[in-house]
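Biologist: I would like a close look at a single part, the place where the two protein chains meet, and then at how the DNA sits against them. Please go through it step by step.

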2 protein chains.
Amino acid sequence: MASRSTQILEAAARVIARRGVRGLRVEELAEEAGVSTGLIYYHFKDRTGILRHTLEFINDRAERYTTAQDPGAEPLSPREELDQVLLLELQDTPEVRENSTAWGELRASAVFDPVLREDLARATLVWVQEVAALLGQVHPLAPAARLASAAERLTALLEALSMRWLSGGLAIDHARTLVSEAVEVELALLGRL
Amino acid sequence: MASRSTQILEAAARVIARRGVRGLRVEELAEEAGVSTGLIYYHFKDRTGILRHTLEFINDRAERYTTAQDPGAEPLSPREELDQVLLLELQDTPEVRENSTAWGELRASAVFDPVLREDLARATLVWVQEVAALLGQVHPLAPAARLASAAERLTALLEALSMRWLSGGLAIDHARTLVSEAVEVELALLGRL
DNA sequence: GTCTATAACGGGATAGAC
DNA sequence: GTCTATCCCGTTATAGAC
């Protein structure tokens, strides 16, 4: 059922995870997706078009795996949901690796690419607000600005630890511990107002 | 008294800040440095050689500006020194911008380049230990593992906020506030043991 | 929608003179 | 140590057939 476009974007995530944004060759992507380069340009216009759509693709995918619910299981408490949304981004599975790698690459590229910059800023905002909302469910009385700051710190921390993990300087278990502790600390801070 | 090599590395920092690692063209670097491309290859062997030496260069430079002391001024308290080491990385000056941009780019590149990876891991470790030592001066009784964790979180947070700042998604004043609060929180946590 | 073929270009790296 | 000249490869993007 996967459309041609989807098939190409799935391949793009894999290739970016393997070679990075700067190492993405349209020809290699074509081979990975099992299509021709011409078709890729037909669907995505140019190299930047590929990257923008890949960003959208990995965002949707992350949304899916961080908010997945076992049907029939106990519904999660706000605190559990919070932990899940953050810690599920630190798993050593192909899907998460691909997503994190691509996200990091696109984030880095955005510093020099105004087009990506806008898309990235929008996606980041959505993510921060999602985390802020979960923090707000745990501490309903905390002021919105405080929630936003905490969410910005937690998401930023997660981004940086992901990159250190992906560049081999940090074990994933340790990264998870560091995030867990950070959540703990931010919640304690919010409770103390 | 800047040697030719230094002159080239200074130019490299400027070019990377302008175009990124992926946008660094040896020819543009040559022009920026006022030398020929041949000379660059003579001194640094290849593209990767340029990047490795640039990493070393920006590390030395950061060491200088984050630990600078006004001669004749009051010596800083450990807490002040800590704030300074972290917050001086969030200034909108050409030097800091260049350093932060290059650091972020090299960090991102390291995910796909084993050579850079090693250099980066080493440099990161030194930085984390420096921050851990400062935290230890504020809280001499805190266990080393706790200090290390706090330092990892603070340096990681700083990296991520720098990138968000450089990609235009975050005002620098706000980034500074977020880091200050994080220092506060981490110190409170260390004091509670 | 999809492919093949190729135009067009950019940029890393080296040879060799000075 | 430094420069000029250039080789040569890889890559993006498009044209045109099916």
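What rotation, and what shift along its axis, superposes chain B on chain A?

Modeller: This is a predicted model, in which local features need pLDDT of at least 70 and side-chain atom pairs count only at pLDDT 80 or more, while totals for chains, interfaces and linings use all residues; side-chain values use heavy atoms, with hydrogens and water left out. Residues are numbered from 1 along each chain as its sequence is written, and chains are lettered from A and ligands numbered from 1 in the order in which they are written.

Chain B falls on chain A after a rotation of 180° with 0.0 Å of shift along the axis, and the RMSD is 0.0 Å (a least-squares fit on the C-alpha atoms of residues with pLDDT of at least 70 in both copies). This is the relation of a two-fold axis. The same surface serves both copies, since 100% of the contact residues of chain B recur in chain A (contact means heavy atoms within 4.5 Å).

In this interface, 41 residues of chain B are in contact with 41 residues of chain A. About 3,400 Å² is buried between the two chains, and carbon and sulfur atoms give 63% of that area (the accessible area, with a 1.4 Å probe, that two parts lose on being put together, summed over both).

Charged pairs also span the interface: there are five salt bridges between chain B and chain A (a side-chain nitrogen of Lys or Arg within 4 Å of a carboxyl oxygen of Asp or Glu). In one salt bridge, the side chains of Arg22(A) and Glu105(B) meet at 3.9 Å, N to O. Between the chains, 12 residue pairs are in polar contact, with both residues at pLDDT 80 or more (N or O atoms within 3.5 Å; within protein, one must be able to donate a hydrogen and the other to accept it, and residues adjacent in sequence count only if both atoms are side-chain atoms).

On the side of chain B that touches chain A, α1 (4-19), α6 (94-110), α7 (114-138), α8 (144-166) and α9 (172-191) of chain B each supply at least two residues (helices are DSSP runs of H or I with at least four residues, numbered from the N terminus). With 13 residues, α8(B) gives the most to this side. By type, the side divides into 20 nonpolar, eight polar and 13 charged residues (Ala, Val, Leu, Ile, Met, Phe, Trp, Tyr, Cys and Pro count as nonpolar, Asp, Glu, Lys and Arg as charged, and the others, Gly among them, as polar).

Now the DNA. Strand C is surrounded by 15 residues, and the closest include Ser36(A) and Arg25(B) (a residue is near a strand if one of its heavy atoms lies within 4 Å of it). The largest share of the surface near strand C, five residues, comes from α3(A). The side chain of His43(A) has an N or O atom 3.2 Å from a phosphate oxygen of strand C, and a polar backbone atom of Arg47(B) lies 3.1 Å from a phosphate oxygen of strand C.

Strand D has 13 residues around it, and α3(B) gives the most to the surface near it, with four. Here a phosphate oxygen of strand D is 3.2 Å from an N or O atom in the side chain of His43(B), and a phosphate oxygen of strand D is 3.1 Å from a polar backbone atom of Arg47(A).
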